[in-house]
Amino acid sequence: MARKNSTAPVAEKFTFGLWTVGNIGRDPFGLPVRQPLTAVQILKLLAEVGAYGVNLHDNDLVPIDATPARAKRLIGDFKKALSDTGLVVPMATTNLFSEPIFKDGAFTSADVRVRAYAMQKTLRAMDLGAELGAKIYVFWGGREGAESDAAKDPTAGIQRLREAINFFCQYSIDNNYGFRLALEAKPNEPRGHIYFATTANYLAFIETLDYPEMVGVNPEVAHESMAGLNFVHHVAQALEAGKLFHIDLNDQEPGRYDQDFRFGSANIKQAFFLVKLLIDHGYDGPLHFDAHAYRTEDYEGVKDFARGCMMTYRLLKEKVARWRADKEIQGLLQHIHVHDDELESLCANYSSEAVRKLKDRKFDIRALGERGLAYERLDQLTMEIIMGVR
Ligand code: GCO
Ligand code: MN
Ligand code: MN
C-alpha cells in the first residue's frame, strides 16, 4: 500500500562480522565443517540475505602474513565488492587473540614487547578501518586476563589498558578518523578470567580516560548471559549513560560454553525486553549479529541462520508495537506506576524544607505493602504477545 506523506520506517542497520557468517564450524573438539569463503564471497552472501553492513577484524580481510602486494589486492577487491553490493562497514576491530604472541594478553601483557606489537597492530588496523569508512572501533580484550593471578597484578592490567585507549583516541583525533571507540566486556573464554568482566566494569573505567566522550561500550547478549547476569539491565545502564555505541546480538544459555547462537533462539523473553529497551530509548546504531550458524549447517544453513537473526529482530519489533498498543497492558502499567507531584518534587530536590516534610509525612505502610501489583497478569499478557496469541 502506498503511504504518501508518511515517513517510511527506517530500515534497521543489520550487520554481520566477516567472522560470523564466514565461521567454518571449527570447535575445540572438531575440525571445520564448511570450506572457507573469501571476503568477497561473504559480501555476496550478506547482500543476498539483505544485510545492511559488514564488520571485520584486520585479519579477516588481510591475513597476518600477507605481502604488501597481496594486502593491496585484497583490500581493493573488498572495496569493489562493497560498492557492487551496497554494503557498508560501520565497525572495525583488531584481532588481538588468535596469534600465539597474544597468549597472555595484548595491551595487558606482562611483556612490553607484546604490548608494543599489539599497539602497532591496532594502529595499522585503525588505518584499514578508516579507509573502509568505519566510524566505530571495537576493543574486545578476549586474551586480556589470567588463569592464575600469581603472575600479574590485575590493577596493572587496568592501567595498561587505560594507556592504550588514551593513545588510540589521540591517534584517531590526529588523523581525523572520527572513530568512536566501543569496549566489549566478557567474563571468560578464551581466558579463564578476562579483566573487565561486564559492561558495567567498562562504564566505570571510561570515566577515567583522557577522552571519555569518545569511548562507549559494545555489550553482547552472550557475554553477560554466560555469567548468569541480566543483559538487559547492563544495556540499560549503557543507554542511560549515553554510552551504547554498538551492540552484539546473539543468544546464549547460562552456564554453557560460549554458544553464539542465532539471535533470540535461546531466551526469547530476554530478547523481547532487549528489543523493547532499544526501541524505548531510540537506539539507532548498528544491530550487529555476532553469532554463527550451528556446526551442522552448510552455507544454505548459514543463510537460514542470518535471515533468522534479522527476522526474529523484526518480529520482536512488531511484538513491541503490539505490547505498547495493548489497552489492558497500558491499564496495568497505569495501576503500577503511581504518581504524586508533591512527593516526586520532595524526593528529587534536596532542601531543608524537603527533609522536614519527608520526615513529617505519614505513610500507610501496611496498605502500601498489601497492594497487589498485578505483575502476574502483566507478565502473562507479555508472554501471550510473544507467543503470538494476543
Ligand atoms: C567473542 C567476541 C568477539 C568480538 C569480536 C569483535 O566472544 O569472541 O564476542 O566475537 O566481538 O572479536 O571485537
Ligand atoms: Mn562473544
Ligand atoms: Mn562480540
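Visitor: In this predicted model, are Glu 184 and Asp 290 buried or exposed?
Guide: Buried here requires under 20% relative accessible area. Within the predicted model, Glu 184 and Asp 290 both fall into that class: buried.

Visitor: Which residues are the protein donors of the manganese ion (ligand 3)?
Guide: The protein donors lie 2.0 to 2.2 Å from the manganese ion (ligand 3). Along the chain, the donors follow the spacing E-x35-E-x27-D-x41-D. They are Glu 184 (OE), Glu 220 (OE), Asp 248 (OD) and Asp 290 (OD).

Visitor: What is the arrangement of the six donor atoms around the manganese ion (ligand 3)?
Guide: Ideal angles for six octahedral donors are 90 or 180 degrees. The six donor atoms around the manganese ion (ligand 3) subtend angles of 81 to 179°, and the arrangement is therefore octahedral.

Visitor: Which residue coordinates both the manganese ion (ligand 3) and the manganese ion (ligand 2)?
Guide: The two manganese ions, ligand 3 and ligand 2, are 3.8 Å apart. The residue that coordinates both is Glu 220.

Visitor: How many nonpolar residues does the contact of H9 with H10 have?
Guide: The axes of helix H9 (residues 231-240) and helix H10 (residues 268-280) come within 9 Å and cross at roughly 10°, which makes H9 roughly parallel to H10. In the contact, Phe 231, Val 232, Val 235, Ala 236 and Leu 239 of H9 meet Gln 270, Phe 273, Leu 274, Leu 277 and Leu 278 of H10. By class, no residue in this contact is charged and one is polar, while the number of nonpolar residues is nine.

Methods. Residues numbered from 1 in each chain as written. Chains lettered and ligands numbered in written order. Predicted model: local features only at pLDDT ≥ 70, side-chain atom pairs only at ≥ 80, totals over all residues. Heavy atoms only, no water. Donors = N, O, S within 2.8 Å, 3.2 Å for Na, K, Ca; no water. Tetrahedral: all angles 85-135°; square planar, octahedral: opposite > 155°, others 65-115°. Buried < 20%, exposed > 50% of the residue type's maximum accessible area, 1.4 Å probe, protein only. Axes fitted to C-alpha atoms, helices over the stretch in contact; angles between N-to-C directions. Helix = DSSP H or I, 4+ residues; strand = E, 2+ residues; numbered from the N terminus. Parallel < 35°, antiparallel > 145°, perpendicular 65-115°, else oblique. Contact = heavy atoms within 4.5 Å. Nonpolar A, V, L, I, M, F, W, Y, C, P; charged D, E, K, R; others polar.
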